[in-house]
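Welcome! Open your viewer, and let's walk through this structure one selection at a time.

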Amino acid sequence: EIADGVATITLNRPQVLNALNNAMADALFAALAKVEADAAARVLVFRGAGDAFMAGGDIGYFKDKLTEHAADKNGFKPYVRAMVERAQKLSLAIRQMPKPVVASIKGGCAGFGLSLALACDLAIAADNSKFTLAYIHLATVPDGGSSFLLPRIVGQKRAAEIALLGDRFGAAEAERWGLVNKVVPLAELEAETAKLAARLARGPAKAYAGTKALLEAANRNSLHDQLQAE
């Protein structure tokens, strides 16, 4: 949806806590391309339908494919690779979006859901939010850019704790560690998100795009190169 300069993408599989499958990933990428191309959309908000933000990848899909290819596990690998490649493509599109991107988080935010939130520029969380990187519980490594973004946001030791232990943590910890900018009561999340989005929609679009590009370049530039870019 696009209204008053604000584009809103709703993760809309509430029956599975908005878990990512191939169809959702393809629809998300198409929506991101539409937002980037539409001058009327000056800021983008991600939200989850129902009670959660996103519970990560659709594990049920992987279990079904693994059962299908039980006799030959190598036949399962292309399905995993295809899903992961979609996730990587989504995170890159969010990071490269020249418009501010805000995550509006409530309930569960796990696995790729956390990766997606990390890729956003700003994040507001309801006080009922619960976070976990979760991959370690499936004996897999992180994806969606979380292994790149997490240590840059929270530091190496905290990133190792979050990734290696896979513990759940709440909104207060997420705010203290810098994973979200602000925590609000669940009843106020929608209004606070709208307030922030409206403020960004009124701001200088070209300056936002330039600032985002500079912040992204700072991860790889020397001070000299960064000064020249500024």
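Start by selecting Ala207, which sits in helix 9 (residues 205-217); helices here are DSSP runs of H or I with at least four residues, strands are E runs of at least two, and both are numbered from the N terminus. A quick note before moving on: this is a predicted model, where local features need pLDDT of at least 70, side-chain atom pairs count only at pLDDT 80 or more, and totals for chains, interfaces and linings use all residues. Residues are numbered from 1 along each chain as its sequence is written, and side-chain values use heavy atoms, leaving out hydrogens and water.

Is Ala207 buried or exposed? Ala207 is partly exposed, at 39% relative accessible area (buried is under 20%, exposed over 50%, partly exposed in between, with a 1.4 Å probe and protein chains only). Now add Pro98: its C-alpha atom lies 9.7 Å from that of Ala207, although 109 residues separate the two along the chain.

Next, select strands 5, 7 and 8, which form an open sheet in the order 5-7-8 with mixed pairing (two strands pair if DSSP finds at least two bridges between them). Strand 5 (108-110) and strand 8 (169-170) are at the edges with a single partner strand each, so one side of each has no neighbour in the sheet. Strand 5 runs parallel to strand 7 (residues 130-132), paired over three bridges. Zoom in on Ala110 to find its bridge partner, Thr132, in strand 7.

Finally, show Leu150, Pro151 and Val154 of helix 5, which meet Gln156, Arg158, Ala159 and Ile162 of helix 6 (contact means heavy atoms within 4.5 Å).
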